Amino acid sequence: MHIRPRRLRQNAPIRRLTAQTRLHPAQLVLPMFVTEADEPREISSMPGVQQHSVDSLRRAAAEAADAGIGGVMLFGVPNVRDGRGSGADDPGGILNRATAALAAEVGERLVVQTDLCLDEFTDHGHCGVLDETGRVDNDATLERYVSMALAQADAGSGLLGLSGMMDGQVAAVRAGLDAAGHTDVPLLGYAAKYASAFYGPFREAVDSALVGDRRTYQLDPANRREGLREALLDVDEGADVVMVKPASGYLDVLADVAAASEVPVWAYQVSGEYAMIEAAAQQGWIERDRAIAESVLSIVRAGAEAVLTYWAVELAETLNRGEEL
Ligand code: PBG
């Protein structure tokens, strides 16, 4: 027997040298939540994650920059909501104020990115505005997204994350930004975003008002080919980056998109993926640090060049210490 794959596994140095996937802090993006409250608050379904005040957000973002991660993705949680999500494109709205504060604080050290979707700002919790029959109105929503994009670009966002799953959203926002002279603001298309049960804890994190589900606009978990189709459509519409979300349950879609896309491909390790590992670890049923590293490594191995993960800072600090994962 001369073929022995175990030769490259026999000790830590040879494993380290021959590893086929590597993680780096620069490819990690931290999602962050900001509210209008004076004090931060823990999110019970996401132990270790906070709803920030603007002040605590600034401190946490400075820590994130010190850890060397690639960026942060901001979600705003307003006090007041209405049918059209007026807080979303108000320059004084919580998300836009926090964006301006962070752009000034850490904008030179990492990419301050903003979620572009109406769900945190509407009183019905949907990602768009509703028509008379209560359905999410695609084209009326696009107008709201363009206005939101302009407000975020004016606030200094370094990249807009289009997470609403409306048809034509990337093209509409690109055209609106370009017409206003914001030609340099990159767009991340949440291209293949599935209608997932794993967003549950996020809905607590943003105090979601949603009743029902998002199955008329987010993808059916049954559909692999459609995930690729959505990603290619976003590229055609001018997306600078495309994303697959959630990550762990959708590694097949991620690999398909990574094989076909000419633009960078990212993945979002969502709140439920985070909560499951944290909960099992709290029970002593799983080795927490190894499970975290393995979960993110698997997402990168499947084809993600960057990963949105609530563990971004902690994982970056581990990587910076050079410890074996
Ligand atoms: C909606 C949005 C969602 C997430 C990010 N943006 C969820 C939803 O569709 O309700 C989920 C993120 C997570 O679960 O971590 N704009």
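**Exercise 1. Find what the side chain of Gln51 reaches, and describe the surroundings of this residue.**

Solution. Begin with the side chain itself: it reaches the backbone oxygen of Ala205 at 2.8 Å, which is a polar contact (a pair of N or O atoms within 3.5 Å; within protein, one must be able to donate a hydrogen and the other to accept it, and residues adjacent in sequence count only if both atoms are side-chain atoms). This is a predicted model, in which local features need pLDDT of at least 70 and side-chain atom pairs count only at pLDDT 80 or more, while totals for chains, interfaces and linings use all residues. Residues are numbered from 1 along each chain as its sequence is written, and side-chain values use heavy atoms, with hydrogens and water left out.

Next, look for a partner among the side chains: Gln51 and Asp207 are joined through their side chains by a polar contact of 3.2 Å. Then place the residue: Gln51 belongs to strand 3 (residues 50–52), where helices (H or I, at least four residues) and strands (E, at least two) are DSSP runs, numbered from the N terminus. With a relative accessible area of 4%, Gln51 is buried; buried means under 20% relative accessible area, exposed over 50%, and partly exposed in between (1.4 Å probe, protein chains only).

Finally, list the neighbours by contact, meaning heavy atoms within 4.5 Å. Leaving aside neighbours within four places in sequence, Gln51 touches residues including Phe33, Thr35, Pro40, Val77, Glu204 and Val206.

**Exercise 2. Describe the backbone of Asp207 and of Met165, and decide whether each is buried, partly exposed or exposed.**

Solution. Start from the background: most residues other than glycine have a negative phi, and most peptide bonds are trans. Asp207 has a positive phi, near 50°, and sits in the loop between helix 6 (200–205) and helix 7 (225–237). Because its relative accessible area is 38%, Asp207 is classed as partly exposed.

Met165, which is not a glycine, also has a positive phi, of about 60°, and its loop runs between strand 6 and helix 5. Met165 counts as buried, because its relative accessibility is 6%.

**Exercise 3. Trace how strand 7 is joined to strand 6 and strand 8, and explain why strand 7 is largely enclosed.**

Solution. Take strand 6 (residues 159–162) as the starting point: 3 bridges join it to strand 7, and the two run parallel; two strands pair if DSSP finds at least two bridges between them. One of the partnerships is that of Leu162 with Gly189 in strand 7.

Now follow the chain between them: strand 6, helix 5 (residues 169–179) and strand 7 form a right-handed β-α-β unit, right-handed in the sense that, with the strands pointing away from the viewer, the path from the first strand over the helix to the second runs clockwise.

Turn next to strand 8 (residues 241–245), which runs parallel to strand 7 and is joined to it by 4 bridges; in strand 8, Val244 is the bridge partner of Ala192. The last step is burial: strand 7 (residues 187–193) is largely enclosed by the rest of the structure because 7 of its 7 residues are buried.

**Exercise 4. Identify which residues are closest to the ligand, and examine the peptide bond from Lys245 to Pro246.**

Solution. First, count the surroundings: 17 residues surround the ligand, and the closest are Arg203, Gln218, Lys245, Ser271 and Tyr310, a residue being near a molecule if one of its heavy atoms lies within 4 Å of it. Second, check the atoms. An oxygen atom of the ligand lies 2.8 Å from a polar side-chain atom of Arg203, and an oxygen atom of the ligand is 2.6 Å from an N or O atom in the side chain of Tyr310. A nitrogen atom of the ligand, in turn, lies 3.3 Å from a polar side-chain atom of Lys245.

Third, move along the backbone: the peptide bond from Lys245 to Pro246 is cis, with omega near -10°, and Pro246 is in the loop between strand 8 and helix 8 (251–260).

**Exercise 5. Locate Thr122 and find the backbone oxygen that its side chain approaches.**

Solution. Thr122 is in the loop between strand 5 (111–116) and helix 4 (138–155), and it counts as buried at 0% relative accessibility. A polar atom of its side chain lies 3.0 Å from the backbone oxygen of His126. Leaving aside neighbours within four places in sequence, the contacts of Thr122 include Arg81, Asp82, Gly128 and Ala209.
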